[in-house]
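This report describes a single protein chain, taking in turn its surface, its pockets and its charged pairs. The sequence and the coordinates are shown first.

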Amino acid sequence: MCAFARIFLALSLWLTFIGQAPASVLDSIIEQIPTAPLIRGQYTQTQKLVHVPQPFVTHGHFVFWRDSVFLWKTQDKIPTSTVYSEHSFKTYVHLRGQRIVSSSSPATSLENRVLWALFSKDFNSLELDFQILAHDSKEGWQLDFFPKTNLTRSIVKHIQIRGHEIPESMTMQNYSGDFTTLRFTNVELSSSSSSEEEAELANP
């Protein structure tokens, strides 16, 4: 067999092996995550600020309309509603019978963007801004996001998401050193939203 033929045969075998190679760990995790036109659940958010000794803990529920909008509502003494989409991001604070529109931080926007990609099972845009490391085991899966761009690096140092099929927790370490942890419970998949959820979105 001539040298050219040997090289051609080796290349053909290599391409065949690549074509039959198992999906990456990240692809495998994405495949595990269930999806639906609507995802709802409850959450607990814990914020640990560098210069504040006691953590801030809030509770609430969320609704995600796939390819449309994220709605977050707290259930604490000062109710808030946050509406996030690919085109806008607003937080409404309900205080003493008034609804006040508040600006949301870049870190919170980034948090929503990552969760949007996770629930949509589409990481293409995130891979432009993050190096994503994936780990999967019997104890569950874990995704670690490390910023690649200067803009993203100025907002966040590290994001970690853990779960068993359904995402269960998300921890974000901000550039300032603050930590925010979201824990998800009672996550449900649905084909449509309820009339109450539609009303909450129409009047957040």
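## Surface patch, pockets and salt bridges

Strand S5, which spans residues 89-95, contains Leu95. The model is a predicted one, and the values below should be read with that in mind. With a relative accessibility of 36%, Leu95 is classed as partly exposed, because that class lies between the limits of 20% and 50%. On the surface, Leu95 joins Ile78 and Ile100 in a nonpolar patch, and the three residues together have about 240 Å² of accessible area.

### Pockets

Rolling a probe the size of a water molecule over the atoms reveals where empty space remains. The largest pocket holds about 610 Å³ of space, and the second largest holds about 170 Å³. The lining of the largest pocket consists of 30 residues, and those nearest its centre are Gln45, Gln47, Thr80, Thr82 and Thr108. Several elements each contribute at least two residues to this lining, namely strands S1 (38-48), S2 (56-65), S3 (69-74), S4 (80-84), S5, S10 (166-174) and S11 (179-190), together with helix H3 (106-120). Helix H3 provides the largest share of the lining, 4 residues. By residue class, the lining of the largest pocket comprises 10 nonpolar, 15 polar and 5 charged residues.

The second largest pocket is lined by Asp67, Tyr84, Glu86, Arg113, Trp116, Ala117, Ser120, Asp122, Asn124 and Ser125. In this pocket too, the largest share of the lining comes from H3, with 4 residues. Its lining divides into 3 nonpolar, 3 polar and 4 charged residues.

### Salt bridges

Side chains of opposite charge can pair when their charged atoms come close. A search of the whole structure returns 3 salt bridges, which are listed here with the distance between nitrogen and oxygen.

| Salt bridge | N to O distance |
|---|---|
| Arg40 and Glu188 | 3.6 Å |
| Glu197 and Arg40 | 2.6 Å |
| Arg113 and Asp129 | 2.7 Å |

Arg40 and Glu188 form a salt bridge with their closest N and O atoms 3.6 Å apart. This pair connects distant parts of the chain, since Arg40 is in strand S1 and Glu188 in strand S11, 148 residues apart. Arg40 counts as buried, at 18% relative accessibility, whereas Glu188, at 42%, counts as partly exposed.

Arg40 also forms a salt bridge with Glu197, where the closest N and O atoms are 2.6 Å apart. Here again distant parts of the chain are linked, with Glu197 in helix H6 (residues 195-202), Arg40 in strand S1, and their positions 157 residues apart in the numbering. Glu197 has a relative accessibility of 8% and therefore counts as buried.

The remaining salt bridge brings together the side chains of Arg113 and Asp129, at 2.7 Å from N to O. Arg113 belongs to helix H3 and Asp129 to helix H4 (residues 126-129), so the pair ties together parts that lie 16 residues apart in sequence. Arg113 is partly exposed, at 23% relative accessibility, while Asp129 is buried, at 17%. Through salt bridges with shared partners, Arg40, Glu188 and Glu197 are joined into one network.

Arg113 connects two of these topics, as a residue that lines the second largest pocket and as a partner of Asp129 in a salt bridge.

Definitions and conventions. Residues numbered from 1 in each chain as written. Predicted model: local features only at pLDDT ≥ 70, side-chain atom pairs only at ≥ 80, totals over all residues. Heavy atoms only, no water. Patch = residues over 30% accessible without salt bridge, like charges linked within 9 Å, V, L, I, M, F, W, Y side chains within 5 Å. Areas by Shrake-Rupley, 256 points an atom, 1.4 Å probe, with all protein chains shown as cover. Salt bridge = Lys/Arg side-chain N within 4 Å of Asp/Glu carboxyl O. Buried < 20%, exposed > 50% of the residue type's maximum accessible area, 1.4 Å probe, protein only. 1 Å grid on protein atoms, 1.4 Å probe; cavity = no way out; pocket = protein on both sides within 12 Å on 5 of 7 lines; lining within 4 Å. Points joined across faces, edges and corners; volume = space filled by probe spheres on them. Nonpolar A, V, L, I, M, F, W, Y, C, P; charged D, E, K, R; others polar.
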